[in-house]
Every structure is written in structure tokens, then in C-alpha cells.
Amino acid sequence: MKHLATFATALLTATALMAQTATTKKTFTLDDLMPGGATFWQLQPETMFTTWWGDVAVETTVDNVTVIRPDGRRGQVLTTADDLNAIAGETLVRSCHHLTFPYPDRPVVKVQTPRSITLLDFKARRITSQQEIAEGATEVTWSPASHCIAYCKGSDVYVQRADGTRVRITSDGSDDIVYGHSVSRDEFGITRGLFWSPDGTRLAFYRKDQSRIPSYPQVDITQRIAATYVDKYPMAGCESEDVSVGIYNVEADTTLFLHNPKPQTDYMTNLSWAPDSRTIYVFELNRDQDHMQLFSYETDHGYKATEPMLEEHHEKYVEPLHGLTFLPWDATKAILQSRRDGWNHLYLLDTARDGALTQLTRGEWEVKQLLGFCERDRSIVFTANATHPLRATIHSIGVNGKGLMRMLGADDGVHTPSLSATGSMLIDSYTSPTVARSIGITDVHKGRTANLLTAADPWEAYEAPEITSGSIKAADGVTDLYYRLVKPTHFDPARKYPAIVYVYGGPHAHNIQASRGYYFRGWEIYMAQLGYVVFVLDNRGSEYRGRDFEQATFRHLGVEEMRDQMCGVDFLRSLPYVDADRMGVHGWSFGGFMTINLMCTYPDVFKVGVAGGPVVDWKYYEVMYGERYMDTPEQNPDGYAACSLLPKAGQLKGRLQIILGYNDPTCVPQHTLSFVRAAIDAGTQPDLFLYPGDGHNMFGRDQVHLHERITRYFLDYLPPTR
């Protein structure tokens, strides 16, 4: 008995010491966990800034630019911020982090500020070029070949030549006619509206005629008397914009528009200049988005080829997201990305043989990013989820498609590499569930990697929850779905915890990947610290799982997604520590749509929900996205009716808070206001909170405030037991 008592005393002492040690660890604040928080960046894994000077890797710190040798050792200091400022004769460089080397064979750095673009020769110690940026210029795009700058002021396009002279390319820009900006509401991979040819002598630019589109009345409350402003918003099934492409010839000082006899409702996407700087390739898509054609245009006169170089059809939709990438050693051949076999793969397009196509990669996995080419090996370098759906690993394959696919670097985690000028070397930053961050330099030909940095866990001094991942079957009983599960801090398996389902669920997004913490969101960590289980599931319809996985939701958005999410709920209910009677749900945008949908469709399951920036009725959503996944309201009336949340407002039982950026240009306020009106008519009681002046998302301190708001709502109406 004495020995037993001694053991018991020792055990109690050890337990007390462990508890004391545990309590000495820090707890997180939202400032620690949310971008925009005062201490957020202090708690991120250590990193380093790198770039390429041709095939020479360089590290850019605040003060210096240093060569990184292939073996990972640091070499000579190429230049410093002080040296560059001395050359410039003014303080241009406050940090070397964002310097670039525009020429692989010249000792020149480019310094771009809001006021100027300056080229500095750090060996000859002189300014080789300096151009002021026009006041009020946006969309600034610089050509390294000609030193010309293209930019927009308002809705018009300007070009500034290397000698500083400025030319106004268009003059009728307005709210209705917009030049040089992104078109098609950033769908189809479009993110900009100005495109220099490789030699910098021609500028392609978008023209958008949105005169037929009604103006959604957004409200500016910063004025003494609030006023409306123009937000051209083309809703599904309604009038859309008319897009065309202009070509400005710098040398001739002439502008022409590509001759496109197609109907006004066609989309012109993924502009790609050929290496000859005379030919431009354009993907053209019909309004139904089920027929894509690739045309070449001769830009001296604007005429297109009489026949498309290639075509792609699908009964649901075709979505071109990437332009052509030409081989550095053969100007007649380019790499095309396509899902024509059901998965995003690489194809070799031969423009000299009427668009002959050779598939280079294949399998039930997706190419995620085309990085470039290794010229020595005549190979393509890319990332893919070939080893596991949650990973992004680096691979290379010969352009003839006959060789085996090689892996470069670690075979796990999520890699974000950058390739040198000729592709002989790459710098790879990667993270995995067990690696906070690792950065290395890899010889692409030999496959050898030298480590540059291995980051320590930045949360070592904090009480961090356990994060795990696994898979369950979708509602079809066949498809694997991946989840992330965050357990409460100081988890006690004997307790019952409330659970919050975080959801997005829509296309072009994913929530789970094999990176640090399985791609966690900071707010999940905060809620785990407060005593919640947080569960996240990527349902069918989300990205990187192939065409059929995404298209399972076609014409009935929200239906299959909810069925899959309820499979996740069933899994949560099977966990002995989850209180099945206390479940909440939260999501933003498509996730806001899913949150309200789940709250109203399963009112006895979800007791509390917070829906941000939600879609409420797809007929109020934009043409390009909405019609791709739902067709038009006229083509799919039953689908639109079944997917609308307005008839479901009367089914709401639990506590629902809707949060909206008051000037949201993506999910316009009509969605939220219509649902609130429907709830009033039905006698249900959602809560509403607005962020005046914010758009679809909150940034900076507003993001911290937002998550304080969300947290309070769950603490008020779904509190954890103590």
C-alpha cells in the first residue's frame, strides 16, 4: 500500500507539473490568427525571398541581394539597397524583397514604385532607364523588350514609349465602353486587359461594351448626401457584355480591332501572343459555354483563320482557363491545358500542322500549374496531384510524351516552385502536415535538391489543437471526399463538444490539402481554443478532382453538395465526443449560400449559422459563372426554382446571422435583402450585419472585426459547455 501511495503521489505530482507546463503556453488571439491582425505575420513560418537572374538564384533581403549557389550555400552579394539608392540618387529601394531581374544576361534590376519604373545597372553603377508613371494610371504593364508602358486612366488605354512620349490609344471610354481592363468578370482565367507582344511592338487590349447591361445601384454613403454609382452587373439569362480585342502598333501608331464575326454573346479568352509577335491566338466560347474554338489572328490586318485550329465540345460545359505556352526552342509548338479526357492535362499543339494535338500527360489526376520548360532536357516542368488528390508535387516530362514522368523534390505536401530562365534550376518552397515550410534549390536535370531553409514550428510556445484529415464516401456511395477535423484545445475524449461545419463547396476552390495543418484557417484554431470541434469537407463540385467530380452539381447547385455535407454530418455524429444536438455551420460566398441552404433544409440539425456574402437566388448572379453551372433561367426553370433559397426562408428554425459587405459587387445586396424580405413575410427571424464600404470580402482590420463578430454569434447561441 505504501508503494502504491508513493506511486499515486508521484503521478499526481507529475500530472500537476504537466498541467502547470501546459498553462504556461500562450493562447491565440484573432490578431495572431487572421490576416490583418497586428501580430499575424509574427506567427507565420520563417521564409525567405528569392528570385532568378537568368539561371542564377538570388536571395533578396531587406538590405541585400545575394547569390544562392546550386549547392545551397550563399555566394557573393550582388548589390544592396544602399548601393541602388546611391546609383539612383534618391531613396527608390526601401527593401530588396520586390526587386526583379528582367534580363537573364544583363546586370540590371527593375525597381517599380507607384511613381516610376527604373532600370539600374548594378555593375556599371548607372541608370539605364527611368520612366515616370502617369498620375492616376492603373493596370500598368511594362514591356522588357521595348520599355514601353501601357496603362489605363479611367476607361481608356494609353501607351508611354521608351522616350517618355505618351499616346492616348482610345478616347471614347466611359461607364459603358471600357478599354484595357479585365473582361467577363474575371472568368475563364482572365485577370487583366493589357497584353504586350514578346518584342514589345504591339499591344493587345480588351474592349468591353456593357451599354446593354443595367446598372446595379450601389450606394456611396461617404458623401454628405448618399449617392449611387455605376456597377454594371449582367445577371443570368439577361443582356451581357460585348467583348472585342484591339491591337495597337507602336511603330506605326495605328490601332485596329480583330475581326470577329461571331455573335455578340461569344467570349474571347486567354489571349496568347505567338513568338513572332505578329500572330495572336484567342479561345472563343459560345454563350452556352459548351463549344470552344481556338483561332489564330494575323494582327497586321486583324483577320482570323478561316477555320479553328482546334475545337472542344461537352454536353455540360467547356471552360478554357489557360492560354497557350510556346516552346522556347520551337516557335511552331505550344503547350495546351485541357480537360478533354476528364482531367486537366498537358497537350502539345503543333500550329504548323493545322493544330495537331498530342497528349503528354494522362491519368486520373490533374496538372495544377505549368511552370515552364527545361531547355537542356527538352522537358516540361509542372505541379500536379498525381501522387495523391491532396498534394501538389513537382514533375517533368519530355515534350515528345514518350519518356517517363519524373518527380522533382519531395513526394508529399504542397509545393510552390519557381523555375529559372532556361529551366535548369528551380527553387521549391513546400509545406506538409509535418513540415511548416521547407525551401530548397533543385537541379532539374540531375534531380538533386539542396536545402536552403527549414522553418521551425512558429506555434511552439502556443497551445495548438490537433488537426487531422481523412476521407469518407460521398452521397453516391463511391467517391472519396476529404475532410479536415480540428479538435478542441486540451481535448478530453470524455466530454461532449459542439461542432461547427465550415463550408464552401463551390467550383474553383478547395478547403483541404496536404499542407501545414491540412490548409487550416486561423479562425478554426481560435474556435478550437474556445472549445469547439471544427469540421471541413470538400464535397463534389469542388476543384482538382476531375471534370465529372466538378460537374456532378450541374444545373442544380446546392443539391449534391448538401447531400455530401450531410455525409460529413453523419461522420461527425459517429464521433463519441461530438454533441449531435449542438451543431453549427458557417461559410462565405458560395459557402454563404450553402450555410443558409443547410440551415433551412435541415433545420433540426443545424442550430446556429453564420452566412457571409451569400448567393440566395442564382437568377440574381452573374452571367458567366451562373450560366456555366446552371444554364439560363429560361433553359433550366426547374433547376433555378429548386436552388433558390427564397422559398425556404419559412423553414428557418435556428439562429442565422447573415453578414454582407454593403457594396458587394460579386453577390450584390439584392440576394441578402431578398432573403430578409422573404423571412419577414414567412415570419422567421434571421439577423443581419453590414460592413459599409466593403465589397465581397473584408480585409485588414475589418477582417479581424468580422471574425470577432462571427465568434460572438456562436458563443451567444451555441456556447461550449464548461
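In this predicted model, strand β37 (residues 480–486) runs antiparallel to strand β39 (residues 533–537), and four bridges hold the pairing together on paper. Within that pair, Tyr483 sits across from Leu537 of β39.

Zooming out, the two strands belong to an open sheet of eight, laid out in the order β36-β37-β39-β38-β40-β41-β42-β43, with mixed pairing. The edge positions go to β36 (467–473) and β43 (687–691); each has a single partner strand, so one side of each has no neighbour in the sheet. From one strand to the next, the twist averages 20 degrees.

Two helices pack on this sheet. Helix α6 (residues 559–574) touches β36, β37, β38 (497–502), β39, β40 (578–588) and β41 (606–612). Its direction makes about 145 degrees with that of β39. Helix α7 (residues 590–601) also packs on the sheet, where its contacts are with β40, β41 and β42 (655–661). Here the angle is taken against β41, and comes to about 155 degrees. Both β40 and β41 thus turn up in the contacts of α6 and in those of α7.

Those two strands also pair with each other: β40 and β41 run parallel, over six bridges. His586 stands opposite Val610 of β41. As for how covered β41 is, six of its seven residues are buried, so the strand is largely enclosed by the rest of the structure.

Back at the surface, Leu673, Leu688 and Leu690 make a nonpolar patch of about 230 Å². Leu673 comes from helix α10 (residues 670–682), whereas the edge strand β43 spans 687–691. Leu673 counts as partly exposed because its relative accessibility is 47%, which falls between the 20% limit for buried and the 50% limit for exposed.

Elsewhere in the chain, Thr332 is part of strand β25 (residues 330–338). With a relative accessibility of 29%, Thr332 is likewise classed as partly exposed. Setting aside neighbours within four places in sequence, the contacts of Thr332 are Leu349, Asp350, Thr351 and Ala352. Ala134, by contrast, is 198 residues from Thr332 in sequence, and the two C-alpha atoms are 38 Å apart in space.

Technical notes
Residues numbered from 1 in each chain as written. Predicted model: local features only at pLDDT ≥ 70, side-chain atom pairs only at ≥ 80, totals over all residues. Heavy atoms only, no water. Patch = residues over 30% accessible without salt bridge, like charges linked within 9 Å, V, L, I, M, F, W, Y side chains within 5 Å. Areas by Shrake-Rupley, 256 points an atom, 1.4 Å probe, with all protein chains shown as cover. Salt bridge = Lys/Arg side-chain N within 4 Å of Asp/Glu carboxyl O. Buried < 20%, exposed > 50% of the residue type's maximum accessible area, 1.4 Å probe, protein only. Pairing = 2+ DSSP bridges. Axes fitted to C-alpha atoms, helices over the stretch in contact; angles between N-to-C directions. Contact = heavy atoms within 4.5 Å.
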